Amino acid sequence: PGPLIKAMLNGGIFLANEVNRATEYTQNSLLEPLEEKTLSIPHLGRVKASNGFFFIGAMNPSELVGTHRLGEALKDRFNVWIELDYPDKKTEMKIIEHNNPYYKVDESTLEQIYLIINRTRTHHQVQTPASLRSGIALARLTGVAQKKSRKDHSKILREVANNVLYGAIQTKPGVK
């Protein structure tokens, strides 16, 4: 059994992360567990969800490449919608630090990373800003480079940022 069946049988929580990246077929396969609290499995029968089974669907912004529109039937089965924005500075820095356990960067470098990422989110010429994952990548790669190089930390970060942000952000049309 996979994660959905296990959550149904054990009365656990199932997180469908990036559910709007799932194909229409996959999205439609979630209708029965959400509505009926059952799932039909060919040649095996029907699995009934235990009490406590809870479904959470997380989505990416719909303007991102690779996302699909959620069907009305699936949207109708979500009871609560909560829109999340980027975390506050302190939380985002903790997340970046937590996801960089092997190559630690000092507090001032972490602060610079946050400022770079946040600037892409507020700059008027940036259409698609850097994500939290970009901040994690910056911290990891900067940490690796700092261990291997005797260069100034800010120079290392500048080089790493050029490479990470090149593929992470998108500027408005006509802007290089």
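A salt bridge is a side-chain nitrogen of Lys or Arg within 4 Å of a carboxyl oxygen of Asp or Glu. The exercises below use a predicted model.

**Exercise 1. Find how Arg 21 and Glu 18 are paired, and which network they belong to.**

Step 1. The side chains of Arg 21 and Glu 18 lie 3.4 Å apart, N to O. The cut-off is 4 Å, so the pair counts as a salt bridge.

Step 2. Consider how open each partner is. Arg 21 has a relative accessible area of 34% and is partly exposed. Glu 18, with 23%, is partly exposed.

Step 3. Salt bridges with shared partners join Glu 18, Arg 21 and Arg 133 into one network.

**Exercise 2. State what is unusual in the backbone of Glu 18 and His 43, and place each residue in the chain.**

Step 1. Start from the general rule: most residues other than glycine have a negative phi.

Step 2. Glu 18 has a positive phi, near 55°. Its place is the loop between β1 and α2 (24-29).

Step 3. His 43 also has a positive phi, near 70°. This residue lies in the loop between β2 (38-41) and β3 (45-48).

Step 4. For exposure, the cut-off is over 50%. His 43 has a relative accessible area of 86%, so this residue is exposed.

**Exercise 3. Determine which helices are tied together by the salt bridge between Glu 35 and Arg 77, and which by that between Lys 89 and Glu 111.**

Step 1. Glu 35 and Arg 77 meet through their side chains at 3.6 Å, N to O. Glu 35 belongs to helix α3 (residues 31-35) and Arg 77 to helix α4 (residues 72-77), so this salt bridge ties together parts that are 42 residues apart in sequence.

Step 2. Glu 35 is partly exposed at 46% relative accessible area, and Arg 77 is partly exposed at 23%.

Step 3. In the salt bridge between Lys 89 and Glu 111, the closest N and O atoms are 2.4 Å apart. Lys 89 is in helix α5 (residues 89-98) and Glu 111 in helix α6 (residues 107-122), which puts the partners 22 residues apart.

Step 4. Both ends are partly exposed: Lys 89 has a relative accessible area of 33%, and Glu 111 has 25%.

Step 5. The pairs treated here are among the 7 salt bridges found in the whole structure.

**Exercise 4. Describe the nonpolar surface patch and the elements that contribute to it.**

Step 1. Ile 13, Leu 15, Phe 54 and Ile 56 make a nonpolar surface patch of about 400 Å².

Step 2. The elements giving two or more residues to the patch are β1 (13-16) and β4 (54-57).

Step 3. Phe 54 is located in strand β4. Patch residues need over 30% relative accessible area; Phe 54, at 48%, is partly exposed.

**Exercise 5. Describe the largest cavity and the largest pocket by volume and lining.**

Step 1. The count gives 1 cavity of 30 Å³ or more. The largest cavity holds about 30 Å³ of space.

Step 2. Ile 96, Glu 97, Asn 100, Lys 104, Val 105, Leu 110 and Ala 139 line the largest cavity. Sorted by type, these are 4 nonpolar, 1 polar and 2 charged.

Step 3. The largest pocket has a volume of about 2000 Å³. Of the 41 residues lining this pocket, Ala 58, Met 59, Asn 60, Pro 61 and Leu 84 lie nearest its centre. β4, β5 (126-128) and α7 (132-148) are the elements that give two or more residues to the lining.

Step 4. The pocket lining divides into 24 nonpolar, 9 polar and 8 charged residues.

Notes:
Residues numbered from 1 in each chain as written. Predicted model: local features only at pLDDT ≥ 70, side-chain atom pairs only at ≥ 80, totals over all residues. Heavy atoms only, no water. Patch = residues over 30% accessible without salt bridge, like charges linked within 9 Å, V, L, I, M, F, W, Y side chains within 5 Å. Areas by Shrake-Rupley, 256 points an atom, 1.4 Å probe, with all protein chains shown as cover. Helix = DSSP H or I, 4+ residues; strand = E, 2+ residues; numbered from the N terminus. Buried < 20%, exposed > 50% of the residue type's maximum accessible area, 1.4 Å probe, protein only. 1 Å grid on protein atoms, 1.4 Å probe; cavity = no way out; pocket = protein on both sides within 12 Å on 5 of 7 lines; lining within 4 Å. Points joined across faces, edges and corners; volume = space filled by probe spheres on them. Nonpolar A, V, L, I, M, F, W, Y, C, P; charged D, E, K, R; others polar.
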